[in-house]
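The paragraphs below go through one protein model step by step, from a few side-chain pairs to the overall fold. Please keep the sequence and the structure in view while reading.

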Amino acid sequence: MQVYASMILGRFAGRFGRAVALADSFVGVAPPNMQAGLIESYNMCQTPMVRESATFSAMCASGDLTIQEMFYDTMKAWPNVTFANINSKTDLIQILFYDLWTDFEAPHYANIEGIRYFVRVNDYLDRYNESPNYISYLLNGGHHVFLEDNVLYTADPQGEMGRGLVAKPLLVDWISGLVGEATYASASSVCNGIRYDRTFWSKYLAGVLYCAAEQTPKFASLS
């Protein structure tokens, strides 16, 4: 979603009243040079997702393009669109992506584990959170991908099988709030855990069950 959002919104410009760009289970935590290496390997600078944007083209040519920059720039370019991430705090598959790259392509870099992964996730989400039209839904645990899985209907902030028994809202209800006209005004960031500010969690002191105080509560606001 982060890569395609700008192109898709541009193709449908003027043809929608409201839109939501919802990124499921990929924030893009990566070792140094991984994104640059993949962009070069797949010749991404020549793809429509990049070529249709002068900003992305210039960044790609200079070697500065990342999926985070693409998502952030798209948020700023489309202030009337809601942007959101769904992500587990210790997504096992995203951690595996990181570790496979370091094992095979960059063995001089250390692997990553849940605490450091979640700090990196919050680093990116903190920047996204600067945009008034951005919100997030974070879940405890390591589950990967929700929209195409039956756990979409059981997941809550406590994890994929929480069923709303301890924490709310259910993920499916939160998504309904994003896309439903009647409940849109209540769409806000969701996270279950003790709230710590960045001066604490960024030093890897808070574990993996906390919530970044800078990110919640946060209500989506569109121009």
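Glu113 is partly exposed, at a relative accessible area of 35%, where partly exposed covers what lies between buried (under 20% relative accessible area) and exposed (over 50%), computed with a 1.4 Å probe on protein chains only. The model is predicted, so local features need pLDDT of at least 70 and side-chain atom pairs count only at pLDDT 80 or more, whereas totals for chains, interfaces and linings use all residues. Residues are numbered from 1 along each chain as its sequence is written, and side-chain values use heavy atoms, with hydrogens and water left out.

The side chain of Glu113 meets that of Arg116 in a salt bridge, with 3.5 Å from N to O; the term stands for a side-chain nitrogen of Lys or Arg within 4 Å of a carboxyl oxygen of Asp or Glu. Arg116 is likewise counted as partly exposed, at 40% relative accessibility. A further salt bridge joins Asp123 to Arg198, whose closest N and O atoms are 2.9 Å apart. This pair links distant parts of the chain, since Asp123 belongs to helix α7 (residues 114-128) and Arg198 to helix α9 (residues 198-201), 75 residues apart; helices (H or I, at least four residues) and strands (E, at least two) are DSSP runs, numbered from the N terminus. Asp123 is partly exposed with a relative accessible area of 25%, and Arg198 is partly exposed at 35% relative accessibility. Through salt bridges that share partners, Asp123, Asp126 and Arg198 are joined into one network.

By the same rule, the count of salt bridges comes to five. One of them is formed by Glu52 and Arg11, with 2.6 Å between the closest N and O atoms. Because Glu52 lies in the loop between α3 (48-51) and α4 (54-61) while Arg11 lies in helix α1 (residues 5-11), the pair ties together parts that are 41 residues apart in sequence. Glu52 is partly exposed, with a relative accessible area of 46%, and Arg11 is partly exposed as well, with 48%.

Helix α1 also holds Ser6, which counts as buried at 18% relative accessibility. Not counting residues up to four places away in sequence, Ser6 touches Phe56, Thr74 and Trp78, a contact being heavy atoms within 4.5 Å.

From these residues we turn to the interior. The largest nonpolar core has 30 residues, and those with the most contacts inside it are Phe71, Phe83, Val121, Leu125, Tyr128 and Tyr134; such a core is a set of buried Ala, Val, Leu, Ile, Met, Phe, Trp, Tyr and Cys residues joined through side-chain atoms within 4.5 Å. The elements that give two or more residues to this core are α1, β1 (20-24), α5 (67-77), α6 (92-104), α7, β3 (134-139) and β5 (211-212), and α7 gives the most, with six residues. Tyr128, leaving aside neighbours within four places in sequence, is in contact with Ile67, Gln68, Phe71, Tyr72, Met75, Asn85 and Tyr134. Apart from this core lies another, of 19 residues, among them Leu22, Leu171, Ile175 and Ala220.

How are the strands of the sheet ordered? Three strands form an open sheet in the order β1-β2-β3, with parallel pairing, two strands being paired if DSSP finds at least two bridges between them. The edge strands are β1 and β3, each of which pairs on one side only. Neighbouring strands are turned against each other by 15 degrees on average, direction ignored; axes are lines fitted to C-alpha atoms, for helices over the stretch in contact, and angles run from 0 to 180 degrees between N-to-C directions. Five bridges join β1 to the parallel strand β2 (residues 82-88), and in this pairing Ala23 stands opposite Asn85 in β2. Helix α5 lies across β1, β2 and β3, running at about 145 degrees to β2. Helix α8 (residues 171-179) packs on the sheet too, touching β1, β2 and β3, and its direction makes about 170 degrees with that of β2.

Taken as a whole, the protein has nine helices and five strands. Buried residues make up 49% of its 223 residues, and of the contacts with a separation of 6 or more, 66% are accounted for by residues 24 or more positions apart. Along its principal axes, the C-alpha trace spans about 50 × 50 × 35 Å. The radius of gyration is 17 Å, which agrees with the value near 17 Å that a compact globule of 223 residues would have; this radius is taken over C-alpha atoms, and the globule rule is 2.2 Å times the number of residues to the power 0.38.
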